[in-house]
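Biologist: Could you take a close look at one part of this model for me, and then show me what else there is around it? I am new to this, so please go slowly.

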Amino acid sequence: MLHEISFQSFNQRDQVQGWIYVPAAKPVGIIQLVHGFGEHSRRYLHMISKFLDAGFIVAADDHVGHGRTAVVNGTWGDWGDKGPHTMMEDEHTLTKLVKEQYPGLPYVLFGHSMGSFIARDYITAYGGELSAVTLCGTSGVFPGLEQGMAMLQAAVDAGQGDASDPNAAGALLGWMCERCTEEIKFGNEWICSDPYVQADHALDPLDAFSRPTNNRSFLYFCQMIDCITGPAWAAKVPRDLPIYNIAGGEDPVGQYGAGVKQVSAWLEDSGHKVTTQIYDGYRHEIHNYSGLKDQVEQDILRFFQAAL
């Protein structure tokens with residue numbers, strides 16, 4: 001069973017488009033899936049199907065400025081003007097809507113890439129409402145963040161918030177292809193070494209990665225990362241929340257494993273229980289490698305099932 005839903009964004013402008021996938025069985029819990037920068041939630045249909053087969057309800061939406069939400073509202077690359085917690089608050093609104101419709105079930109969160117940043121922001125505010133969280137493809141200290149924030153803040157202060165500065169985008173994200181320069185065709189080769197995944201990602205009409213994100217939204221992106229970085233962030237996360245931190249060993253977002261382990265260390269030093277899994281030899285989208293995705297999904301399910 002599939003419910004298509006729509007709700008007002010925290011930005012007070014957009015109607016966020018979402019979906020609740022329900023298994024044809026008695027549900028054992030609910031997994032809320034939070035997608036990454038520039039993409040949309042239906043890129044996770046393989047994972048969603050695997051979660052459904054395991055008896056979980058799956059809830060997902062397309063963020064403001066992304067996917068179906070961007071199409072319906074005409075706001076590609078524009079997150080509104082309500083600050084860096086907009087997407088996190090939208091995810092919590094989705095949580096409340098799903099819990100109202102399916103009360104009394106354990107609730108867990110999965111976030112990939114920027115979705116993991118949103119999840120990290122979420123668990124500082126609403127972590128007590130969750131039974132567990134999986135962070136996939138997350139980042140430690142993000143390279144070039146201070147430089148990018150300064151460039152974008154200057155642009156917004158100069159009245160260019162609705163414009164897009166490619167230099168800022170290059171400073172923030174351009175380094176991600178540093179280990180695959182000889183392969184570059186689309187500019188997204190850092191996500192996965194499979195050329196079919198690269199092409200599917202680049203040519204997807206609901207994928208906003210190849211479209212410009214305006215300066216204000218990019219600034220919010222930076223500010224969101226800034227607020228989830230370091231021991232001070234980790235100290236705000238509920239200590240009894242089980243956390244599964246996973247990534248590819250060749251993922252530039254996670255600084256090739258070092259940044260992922262840095263996040264786990266911040267949490268562990270604050271007294272949190274964290275399970276860290278690095279899949280050596282794989283890039284950013286570990287859940288999209290044909291020879292790995294089944295294992296990744298099963299590992300996530302084992303963690304969630306153990307937590308419940």
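Modeller: Happily! The crossing of H5 and H8 is left-handed. This is a predicted model, so please read everything here as computed. Two packed helices are described by the angle between their axes and the distance between the axes. For helix H5 (residues 145–157) and helix H8 (residues 215–227), the angle is about 145° and the axes are 9 Å apart.

Now find the residues that meet. On the H5 side they are Leu145, Gly148, Met149, Leu152, Gln153, Ala155 and Val156. On the H8 side you will find Asn215, Arg216, Phe218, Leu219, Cys222, Gln223, Ile225 and Asp226. Sorted by class, this contact of H5 with H8 has nine nonpolar, four polar and two charged residues. Try picking out the charged ones in your view!

Next, turn to the sheet. It is an open sheet of eight strands with mixed pairing, and the order of the strands is S1-S2-S4-S3-S5-S6-S7-S8. Strand S1 (2–8) and strand S8 (274–279) are the edge strands, each of which pairs on one side only. As you step from one strand to the next, the twist averages 20°.

One pair is a handy place to practise. Strand S3 (residues 29–34) and strand S4 (residues 56–62) pair in the parallel sense, with five bridges between them. To see one bridge, select leucine 33: its partner in S4 is alanine 60.

Helices pack on this sheet too. H1 touches strand S2 (15–21), S3, S4 and strand S5 (107–112), and its direction makes about 155° with that of S4. Helix H4 (residues 114–126) also packs on the sheet, where it touches S3, S5 and strand S6 (132–136); the direction of H4 makes about 140° with that of S5.

H1 leads us to the empty spaces. There are two cavities of 30 Å³ or more in the structure. The second largest has a volume of about 30 Å³, and its lining is made of Arg43, Tyr44, Leu45, His46, Met47, His287, Asn288 and Glu297. Helix H1 (residues 45–53) provides three of these residues, the largest share of that lining. By class, the lining of the second largest cavity divides into three nonpolar, three polar and two charged residues.

The largest cavity holds about 170 Å³ of space. It is lined by 19 residues, and those closest to its centre are Phe37, Ser113, Trp190, Phe209 and His284. Its lining has eleven nonpolar, five polar and three charged residues.

Keep Phe209 selected as we move to the largest pocket, which has a volume of about 360 Å³. Phe209 is named here again: together with Ala169, Leu173, Ser210 and Arg211, it is among the closest to the pocket's centre, out of 22 lining residues. Two elements give two or more residues to this lining, helix H6 (166–173) and helix H7 (195–203). H6 gives the most, with three residues. Overall, the pocket lining divides into twelve nonpolar, seven polar and three charged residues.

To come back to where we started, rotate the model until H5 and H8 lie in front of you, and look once more at their left-handed crossing.

How values were computed. Residues are numbered from 1 along each chain as its sequence is written. This is a predicted model: local features need pLDDT of at least 70, side-chain atom pairs count only at pLDDT 80 or more; totals for chains, interfaces and linings use all residues. Side-chain values use heavy atoms; hydrogens and water are left out. On a 1 Å grid over the protein atoms alone, a cavity is a set of points where a 1.4 Å probe fits but cannot get out, and a pocket is an open set with protein on both sides within 12 Å along at least five of seven lines; lining residues have an atom within 4 Å of a point. Grid points are joined across faces, edges and corners, and a volume is the space filled by probe spheres set on the points. Helices (H or I, at least four residues) and strands (E, at least two) are DSSP runs, numbered from the N terminus. Ala, Val, Leu, Ile, Met, Phe, Trp, Tyr, Cys and Pro count as nonpolar, Asp, Glu, Lys and Arg as charged, and the others, Gly among them, as polar. Axes are lines fitted to C-alpha atoms, for helices over the stretch in contact, and angles run from 0 to 180 degrees between N-to-C directions. A crossing is left-handed if the near helix is turned anticlockwise from the far one by less than a right angle, and right-handed if clockwise. Contact means heavy atoms within 4.5 Å. Two strands pair if DSSP finds at least two bridges between them.
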